[in-house]
Amino acid sequence: MRKFFKKLYKLIDALIIVPISRLIYNIQKIFKKNSGFLDKLLNKSNFLIFLSLALAILLFLLVDSKAISFVKDEAEVISNVPVNIKYNQEAYVIEGAPSSVNIMISGRKSDIYLAKQLGEYEVTLDLTEYKASDSAYKVYFTYTKSINNLKYNLDPSYVSIMIKNKVSSVSSVTYELINQDKLDSKLSVKSVGLSKSEVVVKGSESALKKIAWIKALVDLSNPDFTEAGSYDIDNILLVAYDNSGKILNDIEIVPSTLSATVVLDSYSQSIPIEVKTTGTLVSGKSIAKILINNSTDYSITVYGNEEEISKISSIPVTINVDGFGTDNAKNYNVTLTKPSGVRYMSASSINISLTFGTEEQKTVEITNISKKNLGNNLNANIISDSAISVTCKGVSSVLDKIEPENINAYVDLSGLGVGDHEVEVKIDNTNPLVTYAVSSTIKVRIS
């Protein structure tokens, strides 16, 4: 270790100490040689004057070009500073007062930085000495300065406000379901029972006149809503709306929240698919069979509100058959449209397979003809021979199953008044495997 440190000392001495010592020595020799010259030069008054002038010009150019800045002012905007409004909240309503203002501070950069770090901005609108009036008041904001050396400017610096007497009334409450898309699609809301049916609303007389509804916002994104059952929910927010559906923010609702019991259901029903066709097959061809997902009796399960789903008798699907029939079969992949009131369907798409066959005809005599769209306080009677011939077209296996009572014939009497009328007979056809044609008309007397 001793030998190591001796070698290290010699190395430092040779590489650092000796070269630095030589440099200092040579500089001293140079200054000693020229010391007489410098002394003479500095003792001359003209030299000092010119040197001072040159340094002054240099300093002026540096400052003028902003290369040197002794004092630098900056400005910065503090946005959305809350406004503290002081007034008698039990007696008055304030209209036109902003909830926040902007403050522009300017001064030295260091002071601005310190003010931002302190963050002590308090803006006040003091209305404690003001009374209700039909005319507007022009009121200036007051504010505190965290750094006295800074300049503060408010935007806006004042505001025109209206002070009105606060009145109250009682209003009924209904509920509104929000975030319905967040609820499990197999669940639906069966009922909602609010803890109160009426609340007290407070505000100016003109503001209360704008109220169209008071609604409790029932949030269906509640993580507790996982299965059918009854749930008790607290702190449901109440909101006032005008006739256009806009929220009224200047209304005070007492209480501001309610409780509710939400009953969730999981109602489902099996509904058949009804296939409808557009277009015309090639001459001499008819549809012999329709298979939906390889089944002649296919239906899907739908979930939703029981009242709305009970109105759905089928889910219609329309396919275009124009020009088909030369091949023995045709396949379609169809996306199902969700009917109104349905939240979930067991299938979103289906495969439809059509089989074609040779078209044949069959004539059926019918006498049962119904009447539709008859005007109020009118009666209609068929005065001609009510038996008419209906031509049925389809493949033989389908035509063999057709009976007169299966054909829904009717006459449309919309727009017809008292008197005798020649009316076309129409067929309400829900079977895509058959085409019906009626060549004759009947006479109807309306009285």
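Where in the chain is asparagine 179 found? In this predicted model, asparagine 179 belongs to the loop between strand S9 (167–178) and strand S10 (188–194). Its phi is near 55 degrees, a positive value in a residue other than glycine, and with a relative accessibility of 31% asparagine 179 counts as partly exposed. A second asparagine shares this feature of the backbone, since asparagine 294, although not a glycine, has a positive phi of about 65 degrees. Asparagine 294 is placed in the loop between S17 and strand S18 (299–304), and its relative accessible area of 71% makes it exposed. For context, most residues other than glycine have a negative phi, and most peptide bonds are trans.

Cis peptide bonds are also found in the model. One of them joins aspartate 155 and proline 156, with omega at about 0 degrees, and proline 156 lies in the loop between S7 and S8. Another leads from valine 254 to proline 255, where omega is near -5 degrees; proline 255 is located in the loop between strand S14 (252–254) and strand S15 (257–265).

Turning to the strands, an open sheet of five strands is arranged in the order S6-S4-S1-S3-S7, and its pairing is mixed. The edges of this sheet are formed by strand S6 (142–143) and strand S7 (151–155), each of which pairs on one side only. Within the sheet, strand S1 (residues 73–86) and strand S3 (residues 100–108) run antiparallel and are joined by eight bridges, and valine 81 has valine 101 as its bridge partner in S3. Helix H3 (residues 109–118) packs on the sheet and touches S1, S3 and S7, with a direction that makes about 145 degrees with that of S3.

Strand S8 takes part in further pairings. S2 and S8 run antiparallel and are joined by four bridges, with asparagine 165 in S8 serving as the bridge partner of tyrosine 92. S5 likewise pairs with S8 in the antiparallel sense, over four bridges, and here lysine 138 stands opposite serine 160 in S8. In general terms, strands of a sheet pair through backbone hydrogen bonds, either parallel or antiparallel.

The aromatic rings add side-chain contacts to this picture, and the count comes to six aromatic pairs. One of these is formed by tyrosine 130 and tyrosine 137, which meet edge-to-face at 4.9 Å centre to centre, with 75 degrees between the planes. Tyrosine 130 is partly exposed, its relative accessible area being 24%, and tyrosine 137 also counts as partly exposed, at 22% relative accessibility. Another pair, between tyrosine 140 and tyrosine 158, is tilted, with 5.3 Å from centre to centre and 50 degrees between the planes. Because tyrosine 140 lies in strand S5 (residues 137–140) and tyrosine 158 in strand S8 (residues 158–165), this pair ties together parts that are 18 residues apart in sequence. Tyrosine 140 has a relative accessibility of 48% and counts as partly exposed, as does tyrosine 158 at 37%.

Aromatic rings are also met by charged groups. The charged end of lysine 215 is positioned over the ring of tryptophan 213, at 5.3 Å from its centre, while that of lysine 330 sits over the ring of tyrosine 332, at 5.7 Å from its centre.

Two residues in strands illustrate polar contacts between side chains. Glutamate 95 has its place in strand S2 (residues 92–95), and a polar contact of 3.0 Å joins its side chain to that of serine 204. When neighbours within four places in sequence are left aside, the residues in contact with glutamate 95 include Ser160, Ile161, Met162, Lys164 and Asp250. Serine 286, in turn, is placed in strand S17 (residues 285–292) and is buried, because its relative accessible area of 5% falls under the 20% limit. The side chain of serine 286 makes a polar contact of 3.1 Å with the side chain of glutamate 359. Beyond its neighbours within four places in sequence, serine 286 is in contact with several residues, among them Leu281, Thr355, Phe356, Gly357, Lys393, Gly394 and Val395.

Key:
Residues are numbered from 1 along each chain as its sequence is written. This is a predicted model: local features need pLDDT of at least 70, side-chain atom pairs count only at pLDDT 80 or more; totals for chains, interfaces and linings use all residues. Side-chain values use heavy atoms; hydrogens and water are left out. Rings of Phe, Tyr and Trp (its six-membered ring) pair if their centres lie within 6.5 Å; planes under 30 degrees apart count as stacked, over 60 as edge-to-face and the rest as tilted. Buried means under 20% relative accessible area, exposed over 50%, partly exposed in between (1.4 Å probe, protein chains only). A charge sits over a ring if NZ of Lys or CZ of Arg is within 6 Å of the ring centre and within 35 degrees of the ring normal. A polar contact is a pair of N or O atoms within 3.5 Å; within protein, one must be able to donate a hydrogen and the other to accept it, and residues adjacent in sequence count only if both atoms are side-chain atoms. Contact means heavy atoms within 4.5 Å. Two strands pair if DSSP finds at least two bridges between them. Axes are lines fitted to C-alpha atoms, for helices over the stretch in contact, and angles run from 0 to 180 degrees between N-to-C directions.
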